[in-house]
Amino acid sequence: MFNKIFHKIYKWILSVAKSSPRDRGSAQNSRSEEDGSGDENENVSESNNNGDEENKNIAFKNATAITRNDSASRTTVLKTYKLFIKGEFPRSESGRSFPVMSVETGELIAHAAKASRKDLRAAVEAAAGAHPNWAKKTAFNRGQILYRVAEILETRAESFATELGRFNYNSGGDTNENGRTTIKSRQGQNTAKQEIFNAIDCWVWYAGWADKYSAITGSANPVSGPYFNFTTPEPMGVVGIIIGESQTPLLTLINRLAPALVSGNSVVLLAPESVPLPAITLSEALAVSDIPPGVVNILTGDTAELATHFLSHKNINAVDISSCPKIGAGEMGEEVLGAAADSIKRVINSSADEQSPYAITDFCEMKTVWHPVGK
Amino acid sequence: MPENKKPAKNTSASANNKKSATKRKKGASQAVAANKSAELQPAQEFSLEYAPAPESTSIVDIKSEYGLFINNEFRPAEIEEPITTINPATGDKLSQVAKASKGDVDAAVKAARHAYENVWGPMPAANRAKYIYRIARLLQERAREFAVLETMDGGKPIKESRDVDIPLAAAHFFHHAGWADKLDYAFAGKTAHPIGVIGQIIPWNFPLLMLAWKIAPALAGGNTIVIKPAETTPLSALLFTEIIRDADLPEGVVNILTGDGESGAEIVNHPDIDKLAFTGSTQVGREIQRASLNRNNHHLTLELGGKAANIVFEDAAIDQCVEGIVNGIYFNQGQVCCAGSRLLVQETVADIVIDKLKRRMSTLRVGNPLDKNTDIGAINSASQLAKISELVEAGVAEGAELYQPQCNLPNEGYFFAPSLFTGVSQSHRIATEEIFGPVLSVLTFRTAEEAVEKANNTAYGLSAGIWTEKGSRILWMADQMKAGVVWGNTFNRFDPASPFGGYKESGFGREGGRQGLLSYVNLS
C-alpha cells in the first residue's frame with residue numbers, strides 16, 4: 001500500500017523533473033570522469049541519449065537486475081545546483097536557471113538557479129528568523145560551531161579543489177572596462193587546492209575570534225562621573241553579502257562570509273554571477289554543520305538584477321560590497337547603491353582580502369551602556 | 001543684601017528640583033487634582049516666583065558681520081548673500097554671516113589640503129597633541145564668554161550651555177589631544193594613518209559641542225578640516241576662530257565656512273574631500289549618503305535623528321526616574337537627537353509616574369534663556385517652532401491627550417511649553433516621528449518583552465533609557481535594545497571617552513572614545 005503511493009509520487013516527481021528545460025539541458029551533458037580528478041578530462045560524453053532519469057526509471061522497474069559498470073563506462077551523476085535557504089535546497093521559485101559555462105572551453109558546466117526577488121525575500125525572512133538565536137549563543141559556542149565547519153571543509157578539500165579546477169576558475173586575470181575580472185584557466189589543480197586550503201585556514205582564523213574580538217574592540221570607558229560605562233560590539237542583524245568576481249572565488253567568499261558570522265549576524269549571500277557553483281557546494285558543507293538553518297543563505301543569479309533588491313530591502317541591515325570591484329559602475333551603479341540611503345543602510349566597502357578583527361567589527365554595531373555607581 | 005538672597009533662592013530651587021514630590025508651583029493644583037488616582041500628599045503652597053537673574057551679555061563682543069574663515073583669515077564670500085542670525089529668545093538680529101558657495105568651499109578645501117600635505121600631516125604627532133591641548137585650555141579660559149554667546153545665538157538655557165555644552169566641548173579637545181600621539185596603541189595589530197581632508201557639517205542644537213565632537217578627533221587623527229556650522233547658530237564657531245588663532249594652529253588646518261544647506265551640499269559634493277561627517281536630520285543624512293556612494297564605509301559617518309524610548313519598570317526608583325524623564329525630554333527644549341521622547345511605563349505604575357511627572361513639569365521655568373533659573377529656553381528657530389506645533393496639533397487630532405503645565409511664555413521669541421501626551425498609540429505621528437521639541441509621548445507596557453518590542457518599534461536607534469532597580473534586568477534590557485547608547489537609571493549623559501552613535505536610521509559611525517577615533521583614521 002505504502003509502496004504503491006511511493007511509486008506514484010516517484011513517477012510524478014520524474015515527470016515534473018523531465019518537463020524542466022533546465023534539467024534536460026544538464027542531462028544532455030552527462031560527463032564521464034575517468035579518474036575523478038575531472039579537470040584534465042573535460043570530455044563531454046555522448047554516452048546516453050536517454051538521460052539519467054530514464055535510466056533510473058528502468059532501474060527501478062528492474063530493481064533486482066542491477067548491472068555494475070566499470071569506472072570507464074560509468075555515467076556520472078551530475079549535480080543539480082540549487083539555492084540554499086533556511087537549511088534547504090530549493091530551486092528558484094521563478095523556475096529560472098542560467099547556464100554556467102567554462103570560460104576556457106565555452107562548454108556547459110552546469111546550470112545554476114537564477115534567484116528572483118521573491119527568493120531573496122524568503123532568504124531574508126529565514127535569516128531574520130535565525131538571527132536572534134544565533135546571536136544569543138555564547139561566543140565560545142559560536143566559535144566551536146564555526147570551527148566545526150572548517151573540519152568539514154577539510155575533509156572535503158579534495159572535492160572542492162576538483163570542482164574549482166573543473167570550473168576553470170583560476171589565478172591571473174585582467175579587469176575589463178566594466179570592472180569585471182576576466183577569468184582565465186587555472187594552472188592545474190595545485191592552485192585550486194591552495195585556494196581551498198587558504199579558505200579553510202581563513203575560516204579557522206575567524207572561528208577563533210568569536211570569543212576574543214569584543215575584548216579587543218570593545219572597551220570600559222573612563223568617563224568623568226560616577227558611572228560605569230562600557231562599549232561592546234554586537235551583530236547588526238541580517239547582512240547581505242554580494243560577492244564580486246574573483247580569481248579565488250571560494251577564498252573571497254569565505255573571507256567575507258566568516259567575519260560576518262563570527263559576531264552573530266545571519267547572512268544572505270549572493271554568489272558571483274560567473275562563478276556561482278562553489279558557493280552552492282560550500283552550502284552543502286554548511287548544511288551538515290551545526291550552523292542553524294537560516295543563519296547562512298546562499299543565492300545564485302543575476303547580480304545586476306538582485307543587487308538593487310539587496311540594497312533596498314529594509315530587513316537587510318547592511319550590505320557588503322567589498323569584493324565587488326568597481327563602485328558606481330555596472331551592477332553597483334548609482335541607482336542601485338542609492339537605494340541603500342532610503343533606510344540609511346550600512347554599505348560595507350572595505351578591503352576584500354584583509355583578514356582582520358576589524359573586518360568582524362565592520363559587521364557590528366557598537367553599543368555603549370551607562371549606569372550610575374553608588375551605594 | 002540682594003547678593004545673599006539670590007543664592008538662597010537658587011539653593012532652594014535646586015533642592016526643589018531634586019525633591020519635587022513635596023513642593024510645587026502655585027497655580028498648578030488643577031493639573032494634579034485632575035488625577036484622582038494619585039495618592040500624593042497635598043502639595044504645600046509654595047511660591048517659585050524668582051527675581052530675574054539674567055547673565056550679563058557684556059562679556060560677549062559680537063561683530064556686525066563675519067566672513068569665511070580660511071587659512072586662519074576671514075575673507076568675504078565669493079558671492080555676497082549674507083545670512084542674518086538672530087537671538088531666538090527675542091527675535092533680535094545678532095549679526096550677519098557670509099554664505100559659502102562653490103568657490104569658497106573649493107578655496108577652503110585647497111587650504112586644508114595644503115595644510116594636510118605640508119604642515120599638519122608631516123608634523124610630529126606629539127606636536128599635534130600640544131596644539132589640541134592648547135585649544136582645550138583656551139576654551140576653558142573663555143568658557144563663560146562662549147556660554148553666553150551660545151545661549152544668545154541658540155536659545156538654550158544658560159545653565160545648560162554653562163554646565164554642559166562648553167565644559168564638554170573643552171573636555172572633548174582635552175581627551176582627544178592625548179590620542180594624537182598614541183594612535184599606535186589604539187588599534188590592535190594595526191597602524192592608524194590620517195585620512196586627509198575632512199568635510200564636516202554640524203547642527204544647531206549643540207553648536208560648539210558638535211564642533212568639538214567633530215574637530216577634536218579629526219585633528220587627533222592627523223587630518224585637516226573644512227567645517228560648516230548650522231545656518232541659525234554660526235556665532236560660537238566664529239568665536240572659536242579666535243581660539244584657533246590664539247593657539248597658533250597652523251593655517252588651513254581648521255577652516256570654518258558659514259552658510260546654509262546649499263553651502264553644505266558644496267562640501268558634500270567636493271571631489272577632494274576624503275571623508276564626510278554629518279550630524280543632523282535623517283532626511284538630510286539620506287541625501288548625503290546618496291551623494292557619497294563612492295566612499296568606503298569609514299569615510300562617511302552620519303549621526304542622525306532619534307525617537308528614544310525611556311522605559312520605566314514598576315520597581316524603578318520613581319522620584320529619581322521622574323528627574324531622568326524630565327532631563328531626557330526637556331533638556332535643551334527637547335532639541336536633542338537622543339532625547340527620551342517616548343516614555344514607556346509599566347502599567348502598574350503608569351498613574352503614579354504620570355502624576356509625579358506632571359507635578360514636576362509644573363515646576364519647570366520657561367523663559368529667558370540667559371536667566372540662570374531658566375529650565376526651558378527658546379526654540380531654536382521659527383521653522384522649528386512651526387514643526388513642533390504641527391506635530392503637537394497632529395497628536396491632538398489623532399486623539400492623544402495633551403497636558404501642558406500653566407506657564408507664561410514670553411511674548412517675544414520662539415517658545416513652546418513643556419508638553420506631555422497620554423493615550424498615545426504606537427501608530428500616532430507623535431510616537432513615530434522625531435519632534436525635536438519639548439514633547440513627551442507616553443505609552444504603557446505590561447511585560448519586559450512588550451517593552452522591548454515597543455522600544456525597538458521605530459526606524460531610529462540612537463538611544464534608550466531603562467529604569468529598574470534590578471541589575472540583571474538592566475543588562476538584559478540593554479542587550480535587547482537596538483540602540484547605540486543605553487542609559488540605565490540615568491539619561492542624556494555624554495563624555496568624550498564614551499562612544500556615541502546610532503543603529504538603523506539614526507546613522508552610522510561613532511563619536512567619542514577609541515571607537516569614535518576609528519572614524520577619523522585609516523588602518524593598515
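These exercises, each with a worked solution, cover a predicted model of two protein chains, A and B.

## Exercise 1. The A–B interface

Find how many residues each chain gives to the contact, and how much area the two chains bury between them.

Step 1. Count the residues in contact. Chain A gives 41 residues and chain B gives 48 residues.

Step 2. Take the area. The two chains bury about 3,400 Å² between them. Carbon and sulfur atoms carry 51% of that area.

Step 3. Look for the main contributors on chain A. Ile344(A), Tyr358(A) and Trp370(A) supply 22% of the area that chain A buries against chain B. No other three residues supply more.

## Exercise 2. Chain A in outline

State how many helices and strands chain A has, and what share of its residues is buried.

Step 1. Count the elements. Chain A holds 13 helices and ten strands.

Step 2. Check burial. Chain A has 375 residues, and 53% of them count as buried.

Step 3. Check the range of the contacts. Take the contacts in chain A between residues at least 6 apart in sequence: 77% of these join residues at least 24 apart.

## Exercise 3. Two serines of chain A

Place Ser159(A) and Ser274(A), then decide whether each is buried, partly exposed or exposed.

Step 1. Locate Ser159(A). It sits in helix α6 (residues 157-166) of chain A.

Step 2. Classify Ser159(A). Its relative accessible area is 43%, so Ser159(A) is partly exposed.

Step 3. Find its polar partner. The side chain of Ser159(A) reaches the backbone oxygen of Arg156(A) at 3.1 Å.

Step 4. Compare sequence and space. Lys193(A) is 34 residues from Ser159(A) in sequence, and their C-alpha atoms are 9.4 Å apart.

Step 5. Turn to Ser274(A). This residue is in the loop between β6 (266-270) and α10 (277-287) of chain A.

Step 6. Classify Ser274(A). With a relative accessible area of 25%, Ser274(A) is partly exposed. The cut-off for buried is under 20%.

Step 7. Find its contacts. The side chains of Ser274(A) and Glu245(A) make a polar contact of 3.5 Å. Thr300(A) is 26 residues from Ser274(A) in sequence, with a C-alpha to C-alpha distance of 9.6 Å.

## Exercise 4. A serine of chain B

Decide whether Ser506(B) is buried or exposed, and list what it touches.

Step 1. Locate the residue. Ser506(B) is in the loop between β20 (485-488) and β21 (507-508) of chain B.

Step 2. Classify it. Ser506(B) has 0% relative accessibility, so it counts as buried.

Step 3. List the neighbours, leaving out residues up to four places away in sequence. Ser506(B) touches Leu302(B), Glu303(B), Leu304(B), Gly305(B), Gly306(B), Tyr460(B), Gly461(B) and Leu462(B).

Step 4. Look for polar atoms. A polar atom of the Ser506(B) side chain lies 2.6 Å from the backbone oxygen of Gly305(B).

## Exercise 5. Two helices of chain B

Test whether the end-to-end distances of α13(B) and α7(B) agree with 1.5 Å a residue.

Step 1. Start with α13 (residues 382-397) of chain B. Its 16 residues should span 22 Å, and its end C-alpha atoms are 22 Å apart, so the two agree.

Step 2. Find its buried side. The buried residues are Gln384(B), Leu385(B), Ile388(B), Leu391(B), Val392(B), Ala394(B) and Gly395(B). They pack against β16 (401-403), β17 (419-422), α14 (429-432) and β18 (439-445) of chain B.

Step 3. See what follows. Gly399(B) comes after α13(B), with a positive phi near 105 degrees.

Step 4. Repeat for α7 (residues 207-220) of chain B. Its 14 residues should span 20 Å, and its end C-alpha atoms are 20 Å apart, so these agree too.

Step 5. Check burial of α7(B). Here 14 of its 14 residues are buried. Just after the helix, Gly222(B) has a positive phi of about 90 degrees.

## Exercise 6. A strand with two partners

Identify the strands joined to β14(B) and the bridge partners of Ile311(B).

Step 1. Check the faces of β14 (residues 309-312) of chain B. Ala309(B) and Ile311(B) lie on one side, Asn310(B) and Val312(B) on the other, and all are buried.

Step 2. Take β15 (residues 342-346) of chain B. Four bridges join it to β14(B), and the strands run parallel. Leu344(B) is the bridge partner of Ile311(B) there.

Step 3. Trace the connection. β14(B), helix α11 (residues 318-330) of chain B and β15(B) form a right-handed β-α-β unit.

Step 4. Take β19 (residues 463-467) of chain B. Four bridges join this strand to β14(B), again in parallel. In β19(B), Ile311(B) has Ile466(B) as its bridge partner.

Definitions and conventions
Residues are numbered from 1 along each chain as its sequence is written. Chains are lettered from A and ligands numbered from 1 in the order in which they are written. This is a predicted model: local features need pLDDT of at least 70, side-chain atom pairs count only at pLDDT 80 or more; totals for chains, interfaces and linings use all residues. Side-chain values use heavy atoms; hydrogens and water are left out. Buried means under 20% relative accessible area, exposed over 50%, partly exposed in between (1.4 Å probe, protein chains only). A polar contact is a pair of N or O atoms within 3.5 Å; within protein, one must be able to donate a hydrogen and the other to accept it, and residues adjacent in sequence count only if both atoms are side-chain atoms. Contact means heavy atoms within 4.5 Å. The expected span of a helix is 1.5 Å times one less than its number of residues. Two strands pair if DSSP finds at least two bridges between them. A crossover is right-handed if, with the strands pointing away from the viewer, the path from the first strand over the helix to the second runs clockwise. Buried area is the accessible area (1.4 Å probe) that two parts lose on being put together, summed over both.
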